[in-house]
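Biologist: Could you pull up the model for me? I would love to talk through how it is put together.

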Amino acid sequence: MKKTLKLLALTAALAVTGAAASSAETVKVGIAAEPYPPFTSPDANGNWEGWEIEFMKAVCAEAKLDCVVTPVAWDGIIPALTAKKIDMIIGSMSITEERLKTIDFSDKYYNTPTGVIGTKGEDIKPTPEGLAGKTLGVQVSTVHQAYATKHFAPAGVEIKEYQTQDEANQDLAAGRLDAVQADAIALDAFLQSDQGKACCDYKGDVAPDVDVLGPGVGVGLRKGEAELKEKINAAIQAIRENGTYEAFSKKYFDFDIYGG
């Protein structure tokens with residue numbers, strides 16, 4: 001009888017534990033399906049890794065959310081969010097007034113410069129005058145495409161759009177482009193590769209334009225989901241204050257990626 005009671009008690013305890021574990025809210029986190037090192041990229045087994053994956057895990061743990069990585073093609077990631085195919089975006093998405101017309105954002109979680117790389121030995125400056133007559137590669141549906149269209153195209157710069165950043169980098173290395181514009185950290189990752197070292201160098205940061213480039217990168221959220229936004233903002237603040245953010249960031253960067 002005692003054994004039976006103990007077994008029943010153990011079963012009940014396990015049921016409670018299981019219920020508590022399953023009570024965590026499941027959230028589909030959209031990331032770009034295309035590799036974007038050092039922020040997101042698949043390993044040899046297809047598991048996603050990188051700084052932004054570690055950020056996601058830290059935020060979700062702090063917010064007590066069961067987060068599932070859900071790769072989506074970059075140019076379809078906002079429609080996937082609004083259609084409820086994913087629940088939030090953690091994909092180096094800059095907070096801009098244009099995007100805020102469609103979706104909401106958390107507080108920023110990093111902010112880095114926008115830069116231009118080009119062929120070694122070429123006198124290219126990241127200005128309208130310095131790129132005039134050149135062909136500049138940008139990833140489609142990014143702030144870099146918007147910036148180049150606004151600032152460089154009127155000066156006679158040919159803007160060539162790519163579905164992925166890697167495709168733009170490859171065309172630059174192959175001599176089909178004069179320069180590429182993107183986030184400075186992502187460009188540095190390419191320049192540190194054997195291919196990047198052989199072909200290209202950093203030409204400098206573009207002039208600021210907060211209206212286009214935004215104040216930083218935030219978690220993309222559907223409008224009207226105030227509770228989730230509050231959880232994410234609180235989690236970002238918590239991991240910044242308790243040292244978690246700094247700890248995983250040191251594995252990737254020798255500077256404060258949070259920025260000003």
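What follows is a short conversation about this structure, which is a predicted model.

Biologist: Let's start with the record: which residues does the UniProt annotation "domain: Solute-binding protein family 3/N-terminal" cover?
Modeller: That annotation comes from an unreviewed UniProt entry. In the model, the span is 37% helix and 26% strand, and its end C-alpha atoms lie 31 Å apart. The residues covered by the annotation are 26-256.

Biologist: Thanks! Is strand 8 largely enclosed or open?
Modeller: Take the two faces of the strand in turn. Thr135, Gly137 and Gln139 point one way, Leu136 and Val138 point the other way, and all are buried. With 5 of the 5 residues in 135-139 buried, strand 8 is therefore largely enclosed by the rest of the structure.

Biologist: Through which helix does the chain cross from strand 8 to strand 9?
Modeller: Strands 8 and 9 run parallel and are joined by 5 bridges, with Val138 standing opposite Glu161. The β-α-β crossover between these strands is right-handed. The connecting element, residues 143-152, is helix 6.

Biologist: Which residue of strand 10 stands opposite Gly137?
Modeller: Strand 10 covers residues 179-183 and runs parallel to strand 8, with 2 bridges joining them. Leu136 has Ala179 as its bridge partner in strand 10. For Gly137, the residue opposite is Val180.

Biologist: And in which sense do strand 7 and strand 10 pair?
Modeller: Strand 10 itself is mostly covered, with 5 of its 5 residues buried. Val116 stands opposite Gln181 in strand 10. Over 5 bridges, the pairing of strand 7 with strand 10 is antiparallel.

Biologist: Moving on to helix 8, which residue caps its N-terminal end?
Modeller: Helix 8 spans residues 184-191. A side-chain oxygen of the capping residue lies 2.8 Å from the backbone nitrogen of Ile185. That cap is Asp183.

Biologist: How many residues of helix 8 are buried?
Modeller: The buried set is Ala184, Ile185, Ala186, Leu187, Phe190 and Leu191. Among the elements covering them are helix 7, strand 10 and helix 9. Helix 8 is mostly covered, and the buried count among its 8 residues is 6.

Biologist: Why does Asp188 count as partly exposed?
Modeller: Asp188 sits in helix 8. Partly exposed is the class between under 20% and over 50% relative accessible area. Asp188 falls in that class because its relative accessibility is 37%.

Biologist: Now the interior: which helix gives the most to the largest nonpolar core?
Modeller: This core has 31 residues, and those with the most contacts inside it are Trp51, Phe55, Met88 and Tyr109. Several elements each supply at least two residues, including strand 1, strand 4, helix 8 and helix 11. With 7 residues, the one giving the most is helix 2.

Biologist: Leaving aside neighbours within four places in sequence, which residues is Phe55 in contact with?
Modeller: Phe55 is one of the residues with the most contacts inside the largest core. In general, nonpolar side chains in soluble globular proteins tend to be buried together. For Phe55, the contacts are Ile90, Tyr109, Val219, Ile236, Ile239, Tyr245 and Phe248.

Biologist: One last thing: how many residues does the second, separate core have?
Modeller: This core includes Val138, Val143, Ala148 and Ala179. Val138 is one of the buried residues of strand 8, and Ala179 is the bridge partner of Leu136 in strand 10. The number of residues in this second core is 14.

Conventions:
Residues are numbered from 1 along each chain as its sequence is written. This is a predicted model: local features need pLDDT of at least 70, side-chain atom pairs count only at pLDDT 80 or more; totals for chains, interfaces and linings use all residues. Side-chain values use heavy atoms; hydrogens and water are left out. Buried means under 20% relative accessible area, exposed over 50%, partly exposed in between (1.4 Å probe, protein chains only). Helices (H or I, at least four residues) and strands (E, at least two) are DSSP runs, numbered from the N terminus. Two strands pair if DSSP finds at least two bridges between them. A crossover is right-handed if, with the strands pointing away from the viewer, the path from the first strand over the helix to the second runs clockwise. Contact means heavy atoms within 4.5 Å. A polar contact is a pair of N or O atoms within 3.5 Å; within protein, one must be able to donate a hydrogen and the other to accept it, and residues adjacent in sequence count only if both atoms are side-chain atoms. A nonpolar core is a set of buried Ala, Val, Leu, Ile, Met, Phe, Trp, Tyr and Cys residues joined through side-chain atoms within 4.5 Å. UniProt positions are given in the numbering used here, feature names are shortened, and annotations may be inferred rather than shown by experiment.
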